[in-house]
Amino acid sequence: IDFNPIHQDVAAQIDRQLSHVDESRFAVLDTGLLRQELSRAETLLYLGDNCGEICFDKLAIRRIRQEYPNCQVFYGVRGAPVVNDATRADAHMTGMAQVARVISNGDDSLGTVLSRVSPEFLAVWQKADVVIAKGQANYESLCDAGKPVYYLMTVKCAVIARLTGCPKGSLVCMRLPKA
(Lines give C-alpha, C1' and ligand atoms only; values in the text may rest on other atoms or scores of the structure.)
Protein backbone atom coordinates (compact mmCIF):
# COMPACT_ATOMS: atom_id res chain seq x y z
CA ILE A 1 0.00 0.00 0.00
CA ASP A 2 2.39 2.60 -1.26
CA PHE A 3 0.93 5.09 -3.68
CA ASN A 4 1.71 8.64 -4.69
CA PRO A 5 -1.30 10.67 -3.53
CA ILE A 6 -0.44 13.56 -5.85
CA HIS A 7 -1.00 11.53 -9.01
CA GLN A 8 -3.50 8.88 -7.90
CA ASP A 9 -6.80 8.40 -6.14
CA VAL A 10 -5.26 6.52 -3.23
CA ALA A 11 -8.50 5.20 -1.73
CA ALA A 12 -9.63 3.76 -5.08
CA GLN A 13 -6.17 2.25 -5.70
CA ILE A 14 -6.15 0.59 -2.25
CA ASP A 15 -9.67 -0.77 -2.81
CA ARG A 16 -8.63 -2.22 -6.19
CA GLN A 17 -5.48 -3.80 -4.79
CA LEU A 18 -7.19 -5.34 -1.77
CA SER A 19 -10.12 -6.62 -3.84
CA HIS A 20 -7.67 -8.60 -6.00
CA VAL A 21 -5.30 -9.78 -3.26
CA ASP A 22 -6.42 -13.42 -3.63
CA GLU A 23 -5.39 -13.32 -7.29
CA SER A 24 -1.91 -11.94 -6.57
CA ARG A 25 0.99 -14.20 -7.44
CA PHE A 26 4.60 -13.81 -6.42
CA ALA A 27 7.26 -13.71 -9.13
CA VAL A 28 9.78 -14.94 -6.50
CA LEU A 29 8.67 -16.70 -3.33
CA ASP A 30 11.58 -17.68 -1.07
CA THR A 31 9.31 -18.36 1.92
CA GLY A 32 10.48 -21.97 2.32
CA LEU A 33 14.03 -20.78 2.93
CA LEU A 34 12.77 -17.93 5.12
CA ARG A 35 10.90 -20.42 7.32
CA GLN A 36 14.02 -22.59 7.62
CA GLU A 37 16.12 -19.63 8.69
CA LEU A 38 13.48 -18.38 11.14
CA SER A 39 13.32 -21.82 12.76
CA ARG A 40 17.00 -21.41 13.76
CA ALA A 41 16.98 -17.67 14.39
CA GLU A 42 17.33 -16.00 17.76
CA THR A 43 16.82 -12.50 16.37
CA LEU A 44 14.73 -11.11 13.50
CA LEU A 45 15.01 -7.52 12.28
CA TYR A 46 11.86 -6.62 10.33
CA LEU A 47 12.28 -3.32 8.50
CA GLY A 48 8.99 -1.55 7.92
CA ASP A 49 8.26 0.51 4.87
CA ASN A 50 5.32 2.87 4.73
CA CYS A 51 2.82 3.71 7.44
CA GLY A 52 -0.06 2.35 5.32
CA GLU A 53 1.25 -1.19 5.76
CA ILE A 54 2.19 -1.15 9.42
CA CYS A 55 -1.04 -2.89 10.49
CA PHE A 56 -0.28 -5.71 8.04
CA ASP A 57 3.27 -5.86 9.39
CA LYS A 58 1.89 -6.26 12.90
CA LEU A 59 -0.25 -9.20 11.77
CA ALA A 60 2.73 -10.80 10.00
CA ILE A 61 4.96 -10.38 13.04
CA ARG A 62 2.27 -11.78 15.33
CA ARG A 63 2.18 -14.87 13.11
CA ILE A 64 5.98 -15.15 13.07
CA ARG A 65 6.05 -14.94 16.88
CA GLN A 66 3.43 -17.70 17.11
CA GLU A 67 5.41 -20.02 14.84
CA TYR A 68 8.87 -19.09 16.18
CA PRO A 69 8.34 -18.13 19.84
CA ASN A 70 12.07 -18.22 20.67
CA CYS A 71 12.90 -15.55 18.10
CA GLN A 72 13.21 -11.99 19.40
CA VAL A 73 11.69 -9.56 16.89
CA PHE A 74 12.77 -5.97 16.28
CA TYR A 75 10.64 -3.70 14.10
CA GLY A 76 12.71 -1.01 12.38
CA VAL A 77 11.22 2.38 11.56
CA ARG A 78 12.60 5.64 10.11
CA GLY A 79 14.19 8.12 12.47
CA ALA A 80 12.06 10.99 11.17
CA PRO A 81 9.16 11.39 8.76
CA VAL A 82 10.15 10.93 5.12
CA VAL A 83 7.48 10.65 2.42
CA ASN A 84 5.01 8.20 4.03
CA ASP A 85 7.48 5.84 5.73
CA ALA A 86 6.68 4.34 9.11
CA THR A 87 8.01 6.16 12.17
CA ARG A 88 8.06 5.38 15.90
CA ALA A 89 4.82 7.40 16.28
CA ASP A 90 3.10 5.21 13.66
CA ALA A 91 4.33 2.07 15.39
CA HIS A 92 3.08 3.37 18.73
CA MET A 93 -0.33 4.25 17.26
CA THR A 94 -0.82 0.72 15.91
CA GLY A 95 0.42 -1.07 19.03
CA MET A 96 3.42 -2.59 17.27
CA ALA A 97 5.26 -2.74 20.61
CA GLN A 98 2.83 -5.50 21.64
CA VAL A 99 4.48 -7.87 19.15
CA ALA A 100 8.00 -6.49 18.56
CA ARG A 101 10.61 -4.18 20.02
CA VAL A 102 10.32 -1.00 17.97
CA ILE A 103 13.67 0.51 17.02
CA SER A 104 14.33 3.68 15.06
CA ASN A 105 17.09 3.61 12.49
CA GLY A 106 17.91 7.18 13.54
CA ASP A 107 17.83 8.51 9.99
CA ASP A 108 15.39 10.19 7.62
CA SER A 109 16.67 8.68 4.38
CA LEU A 110 14.47 6.69 2.05
CA GLY A 111 15.34 3.07 2.73
CA THR A 112 17.94 2.02 5.27
CA VAL A 113 21.31 3.64 4.61
CA LEU A 114 23.67 1.79 6.95
CA SER A 115 26.30 4.53 6.92
CA ARG A 116 23.69 6.92 8.39
CA VAL A 117 21.87 4.76 10.98
CA SER A 118 22.26 5.07 14.75
CA PRO A 119 24.79 2.91 16.62
CA GLU A 120 21.89 1.17 18.42
CA PHE A 121 20.23 0.25 15.12
CA LEU A 122 23.53 -0.85 13.58
CA ALA A 123 24.15 -3.19 16.54
CA VAL A 124 20.73 -4.82 15.99
CA TRP A 125 21.41 -5.07 12.24
CA GLN A 126 24.73 -6.79 12.88
CA LYS A 127 23.38 -9.31 15.40
CA ALA A 128 20.15 -10.16 13.53
CA ASP A 129 20.06 -13.75 12.31
CA VAL A 130 17.33 -12.90 9.80
CA VAL A 131 16.46 -9.56 8.19
CA ILE A 132 13.17 -8.91 6.39
CA ALA A 133 13.14 -5.60 4.54
CA LYS A 134 9.91 -4.20 3.14
CA GLY A 135 9.72 -1.96 0.12
CA GLN A 136 11.71 -0.97 -2.87
CA ALA A 137 13.70 1.77 -1.05
CA ASN A 138 15.04 -0.80 1.40
CA TYR A 139 15.97 -3.02 -1.54
CA GLU A 140 17.82 -0.16 -3.22
CA SER A 141 19.70 0.82 -0.07
CA LEU A 142 20.53 -2.68 1.21
CA CYS A 143 20.98 -4.93 -1.83
CA ASP A 144 24.78 -4.68 -1.51
CA ALA A 145 24.87 -4.68 2.30
CA GLY A 146 26.91 -7.88 2.50
CA LYS A 147 24.30 -9.70 4.57
CA PRO A 148 21.43 -11.94 3.48
CA VAL A 149 18.14 -10.03 3.45
CA TYR A 150 14.60 -11.13 2.52
CA TYR A 151 12.99 -8.40 0.45
CA LEU A 152 9.18 -8.12 0.47
CA MET A 153 8.08 -5.64 -2.16
CA THR A 154 6.21 -4.80 -5.28
CA VAL A 155 8.48 -4.17 -8.25
CA LYS A 156 7.46 -0.63 -9.21
CA CYS A 157 9.91 0.46 -11.90
CA ALA A 158 11.88 -0.80 -14.88
CA VAL A 159 15.25 -0.47 -13.10
CA ILE A 160 14.23 -2.74 -10.21
CA ALA A 161 12.52 -5.10 -12.66
CA ARG A 162 15.82 -5.46 -14.51
CA LEU A 163 17.86 -5.88 -11.30
CA THR A 164 15.53 -8.51 -9.82
CA GLY A 165 14.60 -10.22 -13.08
CA CYS A 166 10.93 -9.80 -12.16
CA PRO A 167 8.22 -8.06 -14.19
CA LYS A 168 7.17 -4.57 -13.19
CA GLY A 169 4.14 -4.80 -10.89
CA SER A 170 5.05 -8.23 -9.54
CA LEU A 171 5.28 -9.18 -5.88
CA VAL A 172 8.46 -10.70 -4.51
CA CYS A 173 9.67 -12.38 -1.37
CA MET A 174 13.30 -12.66 -2.44
CA ARG A 175 16.40 -13.58 -0.47
CA LEU A 176 19.58 -11.88 -1.60
CA PRO A 177 22.17 -13.04 -1.95
CA LYS A 178 20.65 -16.30 -3.10
CA ALA A 179 21.37 -19.24 -0.81
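Q: Hi! Of the contacts in this protein with a separation of 6 or more, how much comes from residues 24 or more positions apart?
A: Hi! Residues 24 or more positions apart account for 63% of those contacts. Keep in mind that this is a predicted model.

Q: Cool, can you show me one pair like that? Where does F26 sit, and how far is L171 from it in sequence and in space?
A: F26 belongs to strand β1. F26 and L171 are 145 residues apart in sequence, yet their C-alpha atoms are 4.7 Å apart in space. Beyond its neighbours within four places in sequence, F26 touches L171, V172 and C173.

Q: And is F26 buried, exposed or partly exposed?
A: F26 counts as partly exposed, because its relative accessibility is 40% and the partly exposed class runs between 20% and 50%.

Q: Let's zoom out. How many helices and strands are there, and what order do they come in?
A: The protein has seven helices and seven strands. Starting at the N terminus, the pattern goes α-β-α-β-α-β-α-β-α-β-α-β-α-β.

Q: How are the strands arranged in the sheet?
A: Seven strands make an open sheet with mixed pairing, in the order β1-β7-β6-β5-β2-β3-β4. The edges are β1 (26–29) and β4 (101–104), each of which pairs on one side only. On average, neighbouring strands of this sheet are turned by 20° against each other, ignoring direction.

Q: What holds strands side by side in general?
A: Strands of a sheet pair through backbone hydrogen bonds, and the pairing can be parallel or antiparallel.

Q: Okay, so what does β7 pair with on its β1 side, and how?
A: Strand β7 covers residues 171–176, and β1 pairs with β7 in the parallel sense over three bridges. V28 is opposite V172, and L29 has C173 as its bridge partner.

Q: And β6 with β7: parallel or antiparallel?
A: Antiparallel: β6 (residues 149–154) is joined to β7 by six bridges. One place to look is L152, which stands opposite C173.

Q: Is β7 buried or exposed?
A: Buried! Six of the six residues of β7 are buried, so β7 is largely enclosed by the rest of the structure. L171, C173 and R175 lie on one side, with V172, M174 and L176 on the other.

Q: Why do they split up like that?
A: In a regular strand the side chains alternate between the two faces of the sheet.

Q: What about β5, buried or exposed?
A: Buried too: five of the five residues of β5 (residues 130–134) are buried, so β5 is largely enclosed by the rest of the structure. V130, I132 and K134 point one way, while V131 and A133 point the other way.

Q: Which strands does β5 pair with?
A: One is β2 (residues 43–47), which runs parallel to β5 and is joined to it by four bridges. There, L45 stands opposite V131. Another is β6, paired with β5 in the parallel sense over three bridges. In that pair, K134 has L152 as its bridge partner.

Q: K134 again! Which helix residue is in contact with it?
A: D57 has K134 among its contacts, along with Y46, G48, D49, Y75 and M96, leaving aside neighbours within four places in sequence. D57 sits in helix α3 (residues 54–67). D57 is buried, because its relative accessible area is 1% and buried means under 20%.

Q: Switching topic: what is odd about the backbone at V83?
A: V83 has a positive phi of about 50° although it isn't a glycine. V83 lies in the loop between β3 (72–77) and α4 (88–94). V83 counts as exposed, with 72% relative accessibility.

Q: Which peptide bond is cis?
A: The bond joining L176 and P177 is cis, with omega about -10°. P177 is in the segment after β7.

Q: Last one: how many cavities of 30 Å³ or more turn up, and what lines the largest cavity?
A: The search of the whole structure finds one of that size. The largest cavity holds about 30 Å³ of space. Its lining is L47, G48, G76, V77, R78, N105, T112, F121 and N138. Those residues divide into three nonpolar, five polar and one charged.

Terms used: Residues numbered from 1 in each chain as written. Predicted model: local features only at pLDDT ≥ 70, side-chain atom pairs only at ≥ 80, totals over all residues. Heavy atoms only, no water. 1 Å grid on protein atoms, 1.4 Å probe; cavity = no way out; pocket = protein on both sides within 12 Å on 5 of 7 lines; lining within 4 Å. Points joined across faces, edges and corners; volume = space filled by probe spheres on them. Nonpolar A, V, L, I, M, F, W, Y, C, P; charged D, E, K, R; others polar. Pairing = 2+ DSSP bridges. Helix = DSSP H or I, 4+ residues; strand = E, 2+ residues; numbered from the N terminus. Axes fitted to C-alpha atoms, helices over the stretch in contact; angles between N-to-C directions. Contact = heavy atoms within 4.5 Å. Buried < 20%, exposed > 50% of the residue type's maximum accessible area, 1.4 Å probe, protein only.
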